[in-house]
Amino acid sequence: PSGEYLTKCLVDALVAMGTEYHDYGVLTTPQLHYLVRNTNLVHPGTPLAVENYYKEISTSFEELVQGALIEEGALNELTVDGANGVGALILKALMKHMKGNNLQVNITYDGTQGGVLNEECGADFVKTRQQPPSGEIGRMGAFQLIHLFFL
């Protein structure tokens, strides 16, 4: 909840100092790292589009699985605990770029039901409480659970 306020404070300070900036909106920490690294090292001084991140991640995923997981029946459905955080929103956007596989992705605790970040869900909850998340995802078997320290 504090993100918008902190962003406004930062933008106000940057404007007051006459500093050039580019606002990418809401991002996950790994997305921010990707954009900063590529802006500084790969394309110095040129703000990148967030779309570049989605394209690179989705292409890398496709190359990694090369259809093998789907074709062999090992993985055709994936349930991700979004912990009511920004990662769930980003995963939904990323899935629009995923092509060429039949992977069905289900996101639980995606924040659309008004949940609080990591409340009874998410990897941080599991780590600190040493128990599975509540709800349907908490009743899944160990091999069905995937907690994504995302993107």
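**Note on the predicted model: Tyr 54, its surroundings and helix H5**

1. Leaving aside its neighbours within four places in sequence, Tyr 54 is in contact with Gln 31, Ile 90, Ala 93, Leu 94 and His 97. The model is a predicted one, and the points below should be read with that in mind. Tyr 54 itself is buried, with a relative accessible area of 7%, and it is named among the residues with the most contacts inside the largest nonpolar core.

2. That core has 15 residues, and those with the most contacts inside it are Leu 35, Val 50, Tyr 54 and Leu 91. Helix H2 (29-42), helix H3 (50-65), S1 and H5 each supply at least two residues of this core, while the largest share, four residues, comes from H5. As general background, nonpolar side chains in soluble globular proteins tend to be buried together.

3. Helix H5 therefore deserves a point of its own, given that four residues of the core come from this helix, the largest share. The buried residues of H5 are Gly 87, Ala 88, Ile 90, Leu 91 and Leu 94. Seen down the axis of H5, these buried residues fall within an arc of 165°, so they line one face of the helix. The general background is that an α-helix has 3.6 residues a turn, so residues three or four places apart point the same way. What covers the buried residues of H5 includes H2, H3, S1 and S2, and two of these buried residues, Ile 90 and Leu 94, are also among the contacts of Tyr 54.

4. The aromatic residues give another view of the region around Tyr 54. The structure holds two aromatic pairs. One of them joins Tyr 34 and Tyr 53 in an edge-to-face arrangement, with 5.3 Å centre to centre and 70° between the planes. Tyr 34 lies in helix H2 and Tyr 53 in helix H3, so the pair ties together parts that are 19 residues apart in sequence. Tyr 34 counts as buried at 15% relative accessibility, and Tyr 53 counts as buried at 3%. Tyr 53 and Tyr 54 also form an aromatic pair that is edge-to-face, here with 5.9 Å centre to centre and 70° between the planes. Tyr 34, Tyr 53 and Tyr 54 form one aromatic cluster.

5. His 97, one of the contacts of Tyr 54, lies in the loop between helix H5 (86-95) and strand S2 (104-108). Although placed in a loop, His 97 is buried, because its relative accessible area of 17% falls under the cut-off of 20%. Leaving aside its neighbours within four places in sequence, His 97 is in contact with Glu 51, Tyr 54, Lys 55 and Ser 58. With Glu 51 the link is also polar, since a polar contact of 3.0 Å joins the side chains of His 97 and Glu 51.

6. The loop between S1 and H5 holds two residues whose backbone may merit a second look. Ala 83 lies in this loop and has a phi near 55°, a positive value in a residue other than glycine. Asn 84 lies in the loop between S1 and H5 as well, and has a positive phi of about 60° although it is not a glycine. Ala 83 is buried, with a relative accessible area of 10%, and Asn 84 counts as buried at 15% relative accessibility.

7. Strand S1 (residues 77-81) includes Leu 78, which is buried, with a relative accessible area of 18%. The C-alpha atoms of Leu 78 and Gln 104 are separated by 6.2 Å, although these residues are 26 residues apart along the chain.

8. Finally, the chain as a whole. There are six helices and two strands, and, read along the sequence, the chain follows the pattern α-α-α-α-β-α-β-α. Of the 151 residues, 29% count as buried. The chain exposes about 10200 Å², of which carbon and sulfur atoms supply 56%. Among the contacts in the chain with a separation of 6 or more, residues 24 or more positions apart account for 65%.

Note on methods
Residues numbered from 1 in each chain as written. Predicted model: local features only at pLDDT ≥ 70, side-chain atom pairs only at ≥ 80, totals over all residues. Heavy atoms only, no water. Buried < 20%, exposed > 50% of the residue type's maximum accessible area, 1.4 Å probe, protein only. Polar contact = N/O pair within 3.5 Å; in protein donor to acceptor, adjacent residues only side chain to side chain. Contact = heavy atoms within 4.5 Å. Areas by Shrake-Rupley, 256 points an atom, 1.4 Å probe, with all protein chains shown as cover. Core = buried A, V, L, I, M, F, W, Y, C linked by side-chain atoms within 4.5 Å. Phe/Tyr/Trp six-rings, centres within 6.5 Å; stacked < 30°, edge-to-face > 60°. Arc of directions from axis to C-beta.
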